[in-house]
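Reader: Hi! I'm in my first year and still learning to read protein structures. Could you take me closely through one part of this one, step by step?

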Amino acid sequence: MLKGMEVTVVGGGIGGLAAALALRQRGAEVCVLEQAEAIREVGAGIQVSPNGLRVLEALGLGAAFRAATVRGQAVSMRDFRRGREVVSLDLSGLPEAQSYRFVHRADLIDLLAAASREAGVRVRLLQAVRAIVPGDPPRVVCRTGDEGRADLVIGAEGLHSVLRPALNGAAAPFFTGQVAWRAVVPNTVGHPAEARVHMGPGRHLVSYPLQGGRSVNIVAAEERRDWVAEGWSHSDDPANLRRAFAGFGGDVPALLEQVEAPGLWGLFRHPVARVWHGAGVALLGDAAHPTLPFMAQGANMALEDAWVLGDALERAPDIQTGLAAYQQRREARVRRVVQAAEGNAWKYHLRNPLVRGVAHLGLGAVGRLAPGRLVGQFDWIYRHDVTAPGQGA
Ligand SMILES: Cc1cc2nc3c(=O)[nH]c(=O)nc-3n(C[C@H](O)[C@H](O)[C@H](O)COP(=O)(O)OP(=O)(O)OC[C@H]3O[C@@H](n4cnc5c(N)ncnc54)[C@H](O)[C@@H]3O)c2cc1C
């Protein structure tokens, strides 16, 4: 069904580019419209878990991706004061093609953009699409250079999607009472290939190495009453970040000392969109289901969406049937992940020292006595394989 179909993808982020490549590989004529002047990403890291890696493998990018990333060996949960390890989740036993990876977003975007272009996807920059109307999509077709209507327009324009309200009406996101700083610093602390979660009262800090271990990505979340606007354009004074995490020990002071201009983000809750598709249009990634970063799954879900959208359209007799199957195959899983991310932050932020001490002792005991149980609780996320034959059949 996809052969020769004209598809316009609005948004050249991780989800949009992965969808463009997945559809192009199945024979569609694909054009990506990106508002920025270049396909690039803000400087920050993301964790790609085995479920996301499986999609990159299926797109034929596995080896190149693995070469550009750090393989995560463990997730180490730490007490904030001296950085003492409470428990470690061992990830080292995962097979290479289903491993846990740390990547600079720019490296993943570059890989997807190069593969898309090579496969014949047209990418048009400086194209800010102001409206996508179901049944009357924007007049853009890239194949011939002539203007015309695409058969399908995919809204992969992220958090501030223009298609989402056209399908669902306006939503009122609310501030969660948390902000997050993000920064990438040189790895002067010899950070090993693991994600470290430093848990403190009302705040936590995650660090992991990037780019062959040369740099370290920092995500630092703090509970707050007052909020900043949503988006990544806010650059904060690094002194504010250092002040917020002043009581943290271990490697944290040395890492924060090097931060120059951290991004600061107010964390907002958005409901998962009820309607993901209309006549000739579909939502994908953050545009459909923005999630809090506490399960590190937003980009992984966008990758899964991209694969399933291509697969569902290929199997369907017509576009609308394919789009309905796409939402049906994705929605329950995405809702569960979004809920899990919402429920995670408070576990890291226990304020009462007694409660925190008991919780950390309990975690440590489970880690010693039944280590498999700790990693196993995430099997439903990491072991899921949207690319497996028979999925959605
Ligand atoms: C602190 C933090 C840490 C995170 N860590 C992780 C992690 O470890 N692992 C993980 O999986 N996820 C993580 N995420 C989430 C992840 O970054 C997002 O879920 C993911 O990038 C969503 O991809 P997307 O393609 O849907 O949207 P985006 O990445 O937002 O891409 C949207 C693209 O569309 C373009 N665009 C927007 N509007 C228009 C328009 N009108 N016209 C044309 N183009 C437009 C934008 O310029 C952009 O290029 C994290 C997020 C945060 C905030």
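Author: Happy to! Let's start with a small open sheet of three strands, which follow the order β3-β7-β4 with antiparallel pairing. At its edges are β3 (45-48) and β4 (70-71), each of which pairs on one side only. Keep in mind that this is a predicted model.

A word on what holds such a sheet together: strands pair through backbone hydrogen bonds, and they can do so in a parallel or an antiparallel way. Between β3 and β7 there are four bridges, and these two strands run antiparallel. To find the pairing on your screen, look for I46, whose bridge partner in β7 is V103.

Next, look at what lies on this sheet. Helix α4 (residues 105-119) lies across β3 and β7, and its direction makes an angle of about 85° with β7. You can check the helix with a little arithmetic: at 1.5 Å a residue, its 15 residues should span 21 Å, and this agrees with the 21 Å between its end C-alpha atoms. Several side chains of α4 are hidden from the surface: R105, L108, I109, L111, L112, A113, A115 and S116 are buried. What do the buried residues of α4 pack against? Their neighbours are β3 and β7, together with α1 (14-25), α2 (50-58), α3 (62-67) and β10 (174-186). Just past the end of the helix, G120 has a positive phi of about 105°.

Now go back to β7 and pick out F102. Its relative accessible area is 0%, and buried means under 20%, so F102 is buried. The ring of F102 pairs with the ring of Y208 in a stacked arrangement, with 4.7 Å from centre to centre and 25° between the planes. This pair connects distant parts of the chain, as F102 belongs to strand β7 (residues 101-104) and Y208 to strand β12 (residues 203-210), 106 residues apart. Like F102, Y208 is buried.

The story of these rings goes further. Ring pairs join F102 and Y208 with Y100, F378 and Y382 in a cluster. The structure has nine aromatic pairs by the ring-distance rule. In one of them, the ring centres of Y100 and F102 are 6.0 Å apart and the planes meet at 75°; planes over 60 degrees apart count as edge-to-face, so this pair is edge-to-face. Y100 is buried as well, with 3% relative accessibility.

For a contrast in strand pairing, turn to β5 (residues 74-79). Why is β5 described as largely enclosed by the rest of the structure? The reason is that six of its six residues are buried. Both of its faces are covered, with A74, S76 and R78 buried on one side and V75, M77 and D79 buried on the other. Five bridges connect β5 to strand β6 (residues 85-90), and the two run antiparallel. In that pairing, A74 stands opposite D90. The two strands form a hairpin with five residues between them, and G83 in the turn has a positive phi of about 75°. With strand β11 (residues 194-200), β5 has six bridges, and here the strands run parallel. D79 has M199 as its bridge partner in β11.

Technical notes. Residues are numbered from 1 along each chain as its sequence is written. This is a predicted model: local features need pLDDT of at least 70, side-chain atom pairs count only at pLDDT 80 or more; totals for chains, interfaces and linings use all residues. Side-chain values use heavy atoms; hydrogens and water are left out. Rings of Phe, Tyr and Trp (its six-membered ring) pair if their centres lie within 6.5 Å; planes under 30 degrees apart count as stacked, over 60 as edge-to-face and the rest as tilted. Buried means under 20% relative accessible area, exposed over 50%, partly exposed in between (1.4 Å probe, protein chains only). Two strands pair if DSSP finds at least two bridges between them. Contact means heavy atoms within 4.5 Å. Axes are lines fitted to C-alpha atoms, for helices over the stretch in contact, and angles run from 0 to 180 degrees between N-to-C directions. The expected span of a helix is 1.5 Å times one less than its number of residues.
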